[in-house]
Amino acid sequence: MKIGILTGGGDCPGLNAVIRGAVKAADRRGWEVFGINDGFDGLIGEPRCELLTLRRVGDILARGGTILGTSNRGNPFSFPVKRDGKVELMDVSEQVVANCRRLGLDALIAVGGDGTLKIGKRLIELGVPVVGVPKTIDNDLRGTDVTFGYTTAVEIVTEALDRLQTTAESHHRLIVVEVMGRNAGWIALESGLAGGANVILIPEIPFDLEKVNEFLRKRRQDGRAFSIMVVAEGAYPLSGTTVVQASAQENFGIVRLGGIGNVVARQISEATGIESRVVVLGHVQRGGSPCSFDRILSSRFGVHAIRLIERGEFGKMVALNGRSVVAIDIDQAVAQLNLVDPEGDLVAAAEELGISLGR
Ligand code: F6P
């Protein structure tokens, strides 16, 4: 058997561990694995790929990023092509199908988030046998208890919050920490809980800034002159919208969020007189080594993807269910985003701990 593997969308810690897991499990079966470069881009035009030997994947378990490269622009069903000096979005999926045949691939493992898995699903309809592996630091995919990369991102933010506590306290400041997560508040909420944040703003709970101001004034009156606020990049006020850095038109079809941290810090300082500073953690949250949980989960996902291929279970995605790795339909994972439940136990616990969620 010849298996293709690609990593699509934004990178995330654990991708290399998935690749290593799949190559090792395939090797035990006498199968070959070809790594496709830069997501689906590597199957458009002249195919770009490499044979992944045990030696090639030997030292990548703890390495961040992806040895294959990735792209969050290469959607073959809507691919930017230059024509007469203008960029047009065209369906070039037939090139992907033809290249899979040309390379003699018996199956393709697509490791990615919502976007990559949706493309994988459409390719199955065109006859490419795809299995999915869910990845994203945002943890916004349904059907799996958690995606790999997420726990590492939460660890990184938590460490940053621990460090920021001491400087905020020394200067009696409000420090606003803006974190990633797109339209899901998981990273903000769980790192905020772990890092002892005083205010956490998430997209699932549009915030009332006056309530946040009241909360911070009260903390001051009670003798706690510093505060830490974690704000998800997708958070927005009750009477407003998300802050974007680039529109979908400017950014290859994907809205780039960012900037809410600066907006709220300025407004709070103006309203309360509290001195504030803003830290935007950005891509630090995606870089570097996966934590041990993510190394194990990614390795198990890579191995399980090979098992699914062995059983002919295409159109499925590996997923964590409790302590077991299982298979679910890709459709189930991409139908809806996995968002924080504003009335759920996690949010309730945060509020009982005295954290303001701006409502
Ligand atoms: O989906 C992962 C993610 O890191 C989001 O949290 C963030 O909004 C986005 O990707 C950033 O994308 P880019 O790498 O294109 O700046």
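At 47% relative accessibility, H172 counts as partly exposed, because that class lies between the buried limit of under 20% and the exposed limit of over 50%. The structure is a predicted model, and this residue is a convenient place to enter it. H172 sits in the loop that joins α4 (150-171) to β8 (174-179). Its backbone deserves attention as well: the phi of H172 is near 55°, a positive value in a residue other than glycine. Most residues other than glycine have a negative phi.

A second residue with such a backbone is D38. The phi of D38 is near 55°, again positive in a residue other than glycine. D38 belongs to the loop between β2 (32-36) and β3 (49-51). With a relative accessibility of 25%, D38 counts as partly exposed, because the value falls between the 20% and 50% limits.

A positive phi is also found at a glycine, G312, which follows helix α8 and has a phi near 75°. The helix itself covers residues 292-310, a run of 19 residues. From the first C-alpha of α8 to the last, the distance is 27 Å, close to the 27 Å expected at 1.5 Å a residue. The buried residues of α8 include the nonpolar side chains L297, F301, A305, I306, L308 and I309. Also buried in this helix are D294, S298, S299, G302 and H304.

The ligand may be considered next. Around it stand N72, I137, D138, M180, G181, R182, E233, R256, H283 and R286. By character, this shell divides into two nonpolar, three polar and five charged residues. The nonpolar members are I137 and M180, while the charged members are D138, R182, E233, R256 and R286. Two domains contribute to the shell: domain 1 (2-148 + 290-334) and domain 2 (151-286) each supply at least three of its residues.

Polar contacts to oxygen atoms of the ligand come from side chains and from the backbone. In the case of D138, a polar side-chain atom lies 2.6 Å from a ligand oxygen. For N72, a polar side-chain atom is placed 3.1 Å from an oxygen atom of the ligand. G181 takes part through its backbone, with a polar atom 3.0 Å from a ligand oxygen. Taken alone, the ligand exposes 400 Å², and the protein buries 84% of that area.

Notes
Residues are numbered from 1 along each chain as its sequence is written. This is a predicted model: local features need pLDDT of at least 70, side-chain atom pairs count only at pLDDT 80 or more; totals for chains, interfaces and linings use all residues. Side-chain values use heavy atoms; hydrogens and water are left out. A residue is near a molecule or strand if one of its heavy atoms lies within 4 Å of it. A polar contact is a pair of N or O atoms within 3.5 Å; within protein, one must be able to donate a hydrogen and the other to accept it, and residues adjacent in sequence count only if both atoms are side-chain atoms. Accessible areas come from the Shrake-Rupley method with a 1.4 Å probe; for residues, only the protein chains shown count as cover. Domain bounds come from an automatic or database domain assignment. Helices (H or I, at least four residues) and strands (E, at least two) are DSSP runs, numbered from the N terminus. The expected span of a helix is 1.5 Å times one less than its number of residues. Buried means under 20% relative accessible area, exposed over 50%, partly exposed in between (1.4 Å probe, protein chains only).
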